[in-house]
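Here is a short briefing on one protein structure. Look at the sheet and the helices that pack on it.

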Amino acid sequence: SGEPASGVAASDEPVDGEAQRKASVSMVRCVLFDIGGVLLRLGEAEYRQGVAERLGLPELPKLYEERMPFIQRGEVDEAEVWFEMSGKRVEHEAFDELFEQVFPVNEAMVRFAAELRSQGFLTAALSNTQKSHVRVMRRMGFLDGFNGVFFSNEIGARKPEPAAFRRVCEGLGLRPEEIVFIDDFEEYVAAARDCGLHAVRHAGDVDATRARVLAVIGESGAA
């Protein structure tokens, strides 16, 4: 299906003919962004410590890490894991403010996504995440205008699983070679390449990542 994924509407901003022409000469049609560490600045350590403190724990136990793949595939409710760890019933909304505080929007990367759309390219996002985070991220607004957003807990697969990349391709109606993926984890970049996507590792410098993505787009058009 070529429909926008996960309830995020495609941008209705007009794309002029010149922009469409530029996009059409390239094999690459879409840039796929990771969220934490790319579209959002990464505050995972601070988030986990904050959750532990609010659950009355000195730190999150090993159980949290063991359950994370199941939480991120949507197979386990994180609230049940919080209860299992602490004996406390906590609402999904309990950590919303903490999330926004420690995962601020990477405005420069969001501007790059808008720049790509203005040139006629699709933009999408793929994130290993969980139900409570999805609600906050949608409310934050930085995903507005993206043509597809794929949350692991909603698609039932997480990076580096090939199924995650396959579902993105299916959801966008694109072939793997028509997508450039940006992620801050080398393991996920390698997994994307193994699945046939172009992939670029973001090491923190948005200008450097932008240059590498545009180079990949240029090379694909010349192929």
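**The sheet and its helices**

Strand 4 (residues 179-183) and strand 5 run parallel and are joined by 4 bridges. Within this pair, Phe 181 stands opposite Ala 199 of strand 5. The model is predicted.

**Sheet layout**
- The sheet is open and has 5 strands in the order 3-2-1-4-5, with parallel pairing.
- Strand 3 (148-151) and strand 5 (198-201) stand at the edges with a single partner strand each, so one side of each has no neighbour in the sheet.
- From one strand to the next, the twist averages 20°.
- In general, strands of a sheet pair through backbone hydrogen bonds.

**Strand 1 and its partners**
- Strand 1 pairs with strand 2 in the parallel sense, over 4 bridges.
- Strand 1 also runs parallel to strand 4, and 4 bridges join them.
- Phe 33 stands opposite Ala 125 in strand 2, and its bridge partner in strand 4 is Ile 182.
- Cys 30 and Leu 32 point one way from strand 1.
- Val 31 and Phe 33 point the other way.
- All four of these residues, Cys 30, Val 31, Leu 32 and Phe 33, are buried.

**Helices on the sheet**
- Helix 9 (residues 162-172) lies across strand 1 (30-33), strand 2 (122-127), strand 3 and strand 4.
- Helix 9 runs at about 155° to strand 3.
- Helix 10 (residues 186-194) packs on the sheet and touches strand 4 and strand 5.
- The direction of helix 10 makes about 170° with that of strand 5.

Note on methods
Residues numbered from 1 in each chain as written. Predicted model: local features only at pLDDT ≥ 70, side-chain atom pairs only at ≥ 80, totals over all residues. Heavy atoms only, no water. Pairing = 2+ DSSP bridges. Helix = DSSP H or I, 4+ residues; strand = E, 2+ residues; numbered from the N terminus. Axes fitted to C-alpha atoms, helices over the stretch in contact; angles between N-to-C directions. Contact = heavy atoms within 4.5 Å. Buried < 20%, exposed > 50% of the residue type's maximum accessible area, 1.4 Å probe, protein only.
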